[in-house]
Amino acid sequence: MSVLFIGMIAVVAVFAGATASVVGFGIGSLLTPLVAWHYGTDLAVAAVALPHLSGSVIRGWRLRESIDRDILLRFGVLSASGGLAGAFAFARFAPETLSRVLGVLLVVTAIAGLTDWSRRWTPRGGIIWILGLLSGFFGGVVGNQGGVRAAAGTRFDLTPMKFVATSTAVGIMIDIVRTPVYLIRTAANFTTLIPVIGIMLCGVVAGTLLGERVLFGLSRERFRHVVAIAVGVLGLWLL
């Protein structure tokens with residue numbers, strides 16, 4: 001790894017951790033394409049999983065009193081099941097296919113962030129549970145799950161604090177079931193990932209702790225749009 005790439009990873013990791021604390025997603029969306037640039041998408045998805053889990057655990061612990069446990073059990077189990085299925089699909093896909101799938105999901109996530117569709121659209125009935133499965137599945141395949149989960153979560157009529165806390169807890173459940181599959185698939189190359197994982201982990205943890213304040217003096221809405229544009233550009237670059 002070059003010094004420039006190490007610096008980019010460190011900066012984006014802090015930014016991604018802070019972004020996830022502010023808008024509820026961003027660690028996988030921002031870090032995976034950057035790491036894929038150097039290592040390929042399959043290794044990038046595996047490498048980002050551990051920092052993603054670490055940031056989610058910290059955020060979840062700080063918000064643990066606000067978790068809606070009933071929704072966590074019902075929606076979370078479905079999402080975790082989808083995550084496990086997605087992780088097994090990840091193990092079968094070629095790196096080129098993973099890159100295209102990730103690119104499409106990043107562009108969709110960007111559109112959702114710019115149009116606020118996840119807050120305007122209210123899914124009903126069985127669609128909620130289908131979205132739970134899909135959020136887990138996409139999280140398992142390419143590590144991008146926040147947009148779909150947010151769309152489903154709006155139907156539960158939770159306070160903002162409960163929404164973020166419960167969504168984070170669901171994300172942790174998905175991370176727990178998918179990460180072992182990633183590690184098994186990338187076992188032969190895992191030693192090459194250790195330095196970048198360490199850098200990302202430190203950056204994400206620092207960003208998560210700093211992310212309770214809106215960065216750069218932007219409002220939450222303006223910041224959400226800035227992140228959405230960045231995610232969309234990364235998605236188009238992958239495609």
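Helices (H or I, at least four residues) and strands (E, at least two) are DSSP runs, numbered from the N terminus. This is a predicted model, in which local features need pLDDT of at least 70, side-chain atom pairs count only at pLDDT 80 or more, and totals for chains, interfaces and linings use all residues. Residues are numbered from 1 along each chain as its sequence is written, and side-chain values use heavy atoms, with hydrogens and water left out.

**Figure 1. The chain has 11 helices and zero strands.** From the N terminus on, the order reads α-α-α-α-α-α-α-α-α-α-α. Of 239 residues, 50% count as buried (under 20% relative accessible area; exposed is over 50%, partly exposed in between; 1.4 Å probe, protein chains only). Take contacts (heavy atoms within 4.5 Å) between residues at least 6 apart in sequence: 83% join residues at least 24 apart. The chain exposes about 10800 Å² (Shrake-Rupley method, 1.4 Å probe; for residues, only the protein chains shown count as cover). Carbon and sulfur atoms supply 69% of that area.

**Figure 2. The largest nonpolar core has 21 residues.** Such a core is a set of buried Ala, Val, Leu, Ile, Met, Phe, Trp, Tyr and Cys residues joined through side-chain atoms within 4.5 Å. Leu31, Val35 and Met200 have the most contacts inside this core. Helices α1, α2 (27-39), α3 (41-62) and α10 (190-210) each give two or more residues to the core. The largest share, seven residues, comes from α2.

**Figure 3. Leucine 31 and its contacts.** Residues up to four places away in sequence are not counted here. Leucine 31 touches Ile9, Val12, Ala13 and Ala16. Gly26, Val48, Met200 and Val204 also touch leucine 31. Apart from the largest core lies another, of 14 residues. Ala87, Leu98, Leu106 and Tyr182 are among its members.

**Figure 4. Phenylalanine 15 sits in helix α1 (residues 3-23).** Phenylalanine 15 counts as partly exposed because its relative accessibility is 21%. Its C-alpha atom and that of threonine 208 are separated by 8.7 Å. Along the chain, these two residues are 193 residues apart.

**Figure 5. Val104, Val108, Leu236 and Leu239 make a nonpolar surface patch of about 370 Å².** Patches are made of residues with over 30% relative accessible area and no salt bridge; like charges are joined within 9 Å, nonpolar side chains (Val, Leu, Ile, Met, Phe, Trp, Tyr) within 5 Å. A salt bridge is a side-chain nitrogen of Lys or Arg within 4 Å of a carboxyl oxygen of Asp or Glu. Valine 108 lies in helix α5 (residues 95-115). At 44% relative accessibility, valine 108 counts as partly exposed.
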